[in-house]
Amino acid sequence: MNREINTEIASGVVGLILSAVFFFALEDISWMSILFPKTLVYIMALIALALVVRGIIKPSRDRIFHVGSNVRWMVTGVLFFAWVLFMPVLGFFVSTVVFMTIIVGYLARARSRVTIGKFMVWIPIVIAEVTFFYLIFTKVLYVPLPEGMFF
Amino acid sequence: MKLLTKSTLLAVLAVVLVIPGISMAEFPEKPITYTIPFNPGGESDITARLQEPELEKYLGVAVNVTHKPGGGGAVAWSEFQRTAKPDGYSVVGCNIPHIIGQPMIRKDAGYETDGMKVVMWFHFTPNALVVSKDSEFKTLDDFIQFAKKKPYVGTVGGSGTYSANHLETIRFMKAAGIELTYVPYTGTGPVIPALMGGHLKGAMTYTPVSVNYKDKFRTLAVAAEERVPALPDVPTFKELGYDIVGGAFRGVAVPLGTPQPVVDKLAEAYTAANKQIAKKQLDLGFVMKYATGDDAVALIGTMRKAYGDVLADIKKKK
Amino acid sequence: MVFETFMTLLDPVIILSIFAGVSAGLFVGAMPGLTATMALAVLLPFTFTLPPLHGLVALGAVYMGAIYGGSFAAILVNTPGTPSSIATAFEGYPMSKQGRALEALSIATVASAIGGIAGSLFLLLLSPPLAKLSLRFGPAEYFWVAILGLTLIASLSEGSSTKGMMGGALGMIIGTMGVAPIGGETRFTFGMPVLQGGVAMIVALIGLFVLPELYTMAAKGKTALTAVEVDSKARSSFWRVTKTVFSMPGNLIRSCIIGEIVAIIPGAGGNVANLVAYNEAKRASKHPEKFGTGLPEGLVATESSNNVTVAGSMVPLLTLGIPGAPPDAVILGVMMLHGLRPGIELFTTSGKLTYGFIISMGLAAIAMVPVGLLGGRLIYKVIFRTPVYFLVPTIAMATMLGTYAVRNSHTDVIIMLILGTMGYLFKQIGIAPAPIVLGLILGTIAEMGYVQTMLSGQASQYPALKLFENGLSHILIGMIVFSAAWPYLAALKRRIMSKKGGSA
């Protein structure tokens, strides 16, 4: 795969968009609270602009997203988000066991065929691992982990 | 899911209301989570750590202290009011004037001052005007005379904006008819080196600082009703003719709707713990409080009045 | 007195608590998100039941172990376990990729031990003058320290430093989210009350460093590490590594002094020290262009400097009662509960206790060597034997737990995921995570220093002049100018040298 773009223009544009987002979030509050963030937003916009200008004057291209399978990291990312968003519903323990198993199965697929037999091995390992961390956090460190409908 | 928990809660509540005698005999039967809305190491945390073993002794269950810092306490309080179950197993530390000031000043603090039930205010750290030991100011009057001659030059540090320190400085300026510059810091900790290093003329801080840094700082006056036990030689503002009493009150709260017997039981436990740790706390410059029930609510009212005008003034000026 | 105190420490209970403390600290430090502050807070109730010396010894050992443990995750997974080992990842991870993970772990261990011992020596011998120096930092000085720190961006950004600057600005803006440190109003909350708490630095750190690494592993379907060790036994042997570390005395001394100076500035700690030491090691090096490819020099600089800060930050704590870094606040709390008031009498009337505590931190540093070498090998084996499809979700779970535990906040975990995913995309277009994190660390310091200076100068016509009033400010400004001009100076020097070489 060969994706090449001008990363200076790209990062400049990203910077301008972010500057705009924060610029419109600036509120009319006392100078002590707002002076510094306001200055920073302007500075970031200036740097972003400089990047765009330089990218136009001296164009250069870099490869992006060239490592491995892009589908795979995106699916992994979606699974991460789902995992966390389900935590308050299912509880930390259940949500983690479910999504860890899914991610293990999904990533293992890249290397070899996934069979039911393999899951029979993986699931107990996942449960043991999660139990270990769950007990350390709740019983030793007294961290009240998200509870769902079960516990 | 939500429906399920709500209906179970209703059922539990119904049972609790109908036969309080039986069900209350059982509280508490599982560990209690005691949330501190600030970082570890602060006064709230240290106090909670002292209370923890005493509470466990009294209640017979584990009390787990956890921290949820952020937004000057607002993150913990808003989440507590939104999600905590009114069963007595979730307790949160709360502070005056934070819970009064934040909802007034911020556009959306995410919680209401009256959105939780205060079980007890257990101690009070009065504000104290402190200067460096080698400072030219020997008395409060010296300080006031200086500020009269040179308005705004008198820089007074303190913990946070709209905090007890800040509001007290403003009340002091009004009462004495002077102009000072209040410089906020993120907590009491950083104020101390700033004052020691001569970067400030004085500091409006809490009495434990006066006690702990006795050999480095001189306390000009304390904003308490009467002299603080650990600082018998320091006059109160009142004695000197300025009617300002204020500081930070610390206490604990439970969600609204927590059954009264549970609240009472918790109040008893905290009262017992408070008595046990009183000696240690008094030596550190705290003033013990035992405000429960209606007294606790009344205290919020009094302090809201005391600071309310000042806050409204600031808001108008903006 | 010191010798006597030393003998009291040879009590088996104390030795045991040192080893237990270092091991516990190591675990906490190696878990991204679990910080030294948190470990100390959890331990606090246990220490109430112990006599003051035992309690303080245990806490000191945990603190020492945690700062050191951060290097494990940095070396093996490219994730600083604590903010104190950000720069450790710059050299340690490339070494792991080359199959030199064990060597890197051993170097970090030895360097950390040296740093820890150096820190206790500073504390033992130089406390009073150092404490005086620390008091001279007022708001204006803080502002300049932060700006000086920002000049590090040039060396932290891989590739374009303009992109690095943009990352730094973005980091600072993210840092301003939530309640203003001065002014008290909320900013950039986008209507969500939960954002009043802002983005905790450590949450951003975890997201920006860990997630890109996990995504890369997932995309590749294998870990980036080379499992084949290049004659691992020989290279990582303790004596050989010790020799390597001691073969750079200049680097060690410089890094220890940097660590100590940063440590005594209240509010800055290992998180700043390791970056500064790394930067200076690079600047002093004969081959700065090789930094980032797995140089032991960089590792030695970061790991020695951050462990100096452990005892180093106790200088203002023990002499003045000012916590130099967040974990010190907890230790101050313990001291107050035992009725120990910081100040001179701590070194006189309760000298035995104080000196015992200081020396025990040195002992903890020594204890790190056996504990670290064993623990390091263990963690290394676990990470290498685990297939990637287990490693990715396991690290993800550990980071989620760690993030959650920072403030017991589910929202923080979501913020971590969002920032991390953005970080992966940013990395593609050349914006590295390090400058963003640096901006987050320094932004708050800069803002407070600036606004406080402006406030203190309110009586004068031009409050901004306050920024340039003190001698220390002038020194700092000089350092900033020098630091910013350095790349150009170095280029000039190279050009002159090459001309000379050409004509000869």
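1. At what angle do the axes of helix α9 and helix α22 of chain C cross, and within what distance do they come? This is a predicted model, and this pair of helices is a good place to start reading it. Helix α9 of chain C covers residues 161-176, and helix α22 of chain C covers residues 433-456. Their axes come within 7 Å and cross at roughly 50 degrees.

2. Those two values are worth writing down together, because two packed helices are described by the angle between their axes and the distance between the axes. With their crossing angle, α9(C) and α22(C) are therefore oblique to each other. The crossing of the two, α9(C) and α22(C), is right-handed.

3. Now look at who makes the contact. From α9(C) come Gly164(C), Gly167(C), Gly168(C), Gly171(C), Met172(C), Ile174(C), Gly175(C) and Thr176(C). From α22(C) come Pro435(C), Ile436(C), Gly439(C), Leu440(C), Gly443(C) and Glu447(C). Sorted by type, the residues of the contact of α9(C) with α22(C) are five nonpolar, eight polar and one charged. If the polar group surprises you, remember that Gly counts as polar here.

4. Next, some backbone details in chain B. A useful background rule is that most residues other than glycine have a negative phi, and most peptide bonds are trans. Against that background, find the bond joining Ile96(B) and Pro97(B): this peptide bond is cis, with omega about 10 degrees. Pro97(B) sits in the loop between β3 (90-96) and α5 (98-105) of chain B.

5. Two tyrosines deserve your attention as well. Tyr152(B) is not a glycine, yet its phi is positive, near 70 degrees. You will find Tyr152(B) in the loop between α6 (140-149) and β5 (155-159) of chain B. Its relative accessibility is 36%, so Tyr152(B) counts as partly exposed.

6. Tyr162(B) also has a positive phi, about 60 degrees, without being a glycine. Tyr162(B) belongs to the loop between β5 and α7 (164-176) of chain B. Is Tyr162(B) buried or exposed? Tyr162(B) counts as buried because its relative accessibility is 10%, and buried means under 20%.

7. Finally, a word on cysteines. How many disulfides does the structure hold over all chains? The number is zero. Two cysteines to look up are Cys94(B) and Cys256(C). With 0% relative accessibility, Cys94(B) counts as buried. Cys256(C), at 7% relative accessibility, counts as buried too.

Note on methods. Residues are numbered from 1 along each chain as its sequence is written. Chains are lettered from A and ligands numbered from 1 in the order in which they are written. This is a predicted model: local features need pLDDT of at least 70, side-chain atom pairs count only at pLDDT 80 or more; totals for chains, interfaces and linings use all residues. Side-chain values use heavy atoms; hydrogens and water are left out. A disulfide is a pair of cysteine sulfur atoms within 2.5 Å. Buried means under 20% relative accessible area, exposed over 50%, partly exposed in between (1.4 Å probe, protein chains only). Axes are lines fitted to C-alpha atoms, for helices over the stretch in contact, and angles run from 0 to 180 degrees between N-to-C directions. Helices (H or I, at least four residues) and strands (E, at least two) are DSSP runs, numbered from the N terminus. Angles under 35 degrees count as roughly parallel, over 145 as roughly antiparallel, 65 to 115 as roughly perpendicular and the rest as oblique. A crossing is left-handed if the near helix is turned anticlockwise from the far one by less than a right angle, and right-handed if clockwise. Contact means heavy atoms within 4.5 Å.
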